[in-house]
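Trainee: Could we go through this model together? I would like to begin with the ligand.

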Amino acid sequence: MTFTTERAVELRGVRVEADGAEGVVTLLRDVDLRLDAPRVAVVGENGSGKSTLARAIAGLADVVAGEADVHGVDAVRDVKSLRRVVGFVFANPAAQMVMPTVREDVELTVKALRGPDGRRLPKAEVAARVDAALAEHRLTELADRPCLALSSGQAQRLAMCAVTAAEPSLVIADEPTSLLDGRHRRIIADRLLAADGFQLLLVTHDLDLARACDDAVWVHQGRVRATGPAGDVVREYERFLDEAVAGELGGALGEAADGPGEAGEGSGEAAR
Ligand SMILES: Nc1ncnc2c1ncn2[C@@H]1O[C@H](COP(=O)(O)OP(=O)(O)OP(=O)(O)O)[C@@H](O)[C@H]1O
């Protein structure tokens, strides 16, 4: 199965709120997006709203206004159906391991799949699919190892294996390489970018990885600041970062000369 642009993510006027310690806070506002490229990166500063956007698309955030169509599913009102369509890979893979061993963890997902007749898969087919999924993610040798005994790189491979075994049409990966060393980062990134059975939405601070996607979305202060071809959006974001850093360094040098002053705004955090 190859991802086709007929299956897209479309958000119109989306607003996300959360209950903060001091009352309701708005995390995302006025989001209008159509994502139909096979691989879409989401970039932006810490606290800008990237994970919130990813979570809203996955039905994991409180969308209080607007419409969200995710591969034909109403992601605001039909979160249950969304689970068949979306797979979510978290930055910390330990958060999504539920079974004691590697094989059992993947098996749990495959057992939940239905055949074309709507019935559960026969035992032999479950076993064959689990073996194939483990082999694809180079986990065969680790099949009987306790999940808790995996290294970060192995755990991230297991998370991807278990998520993709559910055959989602959209995989959302939120900083999937942030815990990994350089070599494993490249292995996981290459595997994600090479996959063509699903659309990929990749939240990342790794701008090389973002550039390797087809399209990108730049989130800034709880709004979408730019969207389009990944190279263009990342270039625009980098220019903004360069200017912001130059401004802060200039400010710091000025402060050093003038003595202490008030802190400037200079933050990409979501507006309250
Ligand atoms: N449940 C919540 N209640 C209150 N504030 C929240 C909640 N969830 C997120 N936030 C705030 O919303 C803002 C956006 O958070 P989000 O996690 O989406 O940012 P991000 O761009 O993914 O950041 P990072 O790059 O640091 O992971 C942050 O200021 C965060 O503290």
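**Ligand shell and helix α6**

Mentor: The shell around the ligand comprises four nonpolar, eight polar and two charged residues; Ala, Val, Leu, Ile, Met, Phe, Trp, Tyr, Cys and Pro count as nonpolar, Asp, Glu, Lys and Arg as charged, and the others, Gly among them, as polar. This is a predicted model, in which local features need pLDDT of at least 70, side-chain atom pairs count only at pLDDT 80 or more, and totals for chains, interfaces and linings use all residues. Residues are numbered from 1 along each chain as its sequence is written.

Trainee: Which residues are the closest to the ligand?

Mentor: Of the 14 that surround the ligand, the closest are Ala-18, Asn-46, Lys-50, Ser-51 and Thr-52. A residue is near a molecule if its C-beta atom, placed from the backbone, lies within 6 Å of it. Two or more shell residues come from each of β1 (9–20), β2 (23–35) and α1 (50–57). Helices (H or I, at least four residues) and strands (E, at least two) are DSSP runs, numbered from the N terminus.

Trainee: Which element gives the most to that shell?

Mentor: That is α1, with three residues.

Trainee: Turning to α6, which of its residues are buried?

Mentor: Ile-188, Ala-189 and Leu-192 are buried in α6, meaning that 20 or more other C-beta atoms lie within 10 Å of their own, whereas exposed residues have 12 or fewer. These three lie on the same side of α6 because they cover an arc of only 100° around the axis, taken from the directions from the helix axis to the C-beta atoms.

Trainee: And what does the face turned away carry?

Mentor: It carries the exposed residues Arg-183, Asp-190 and Ala-194.
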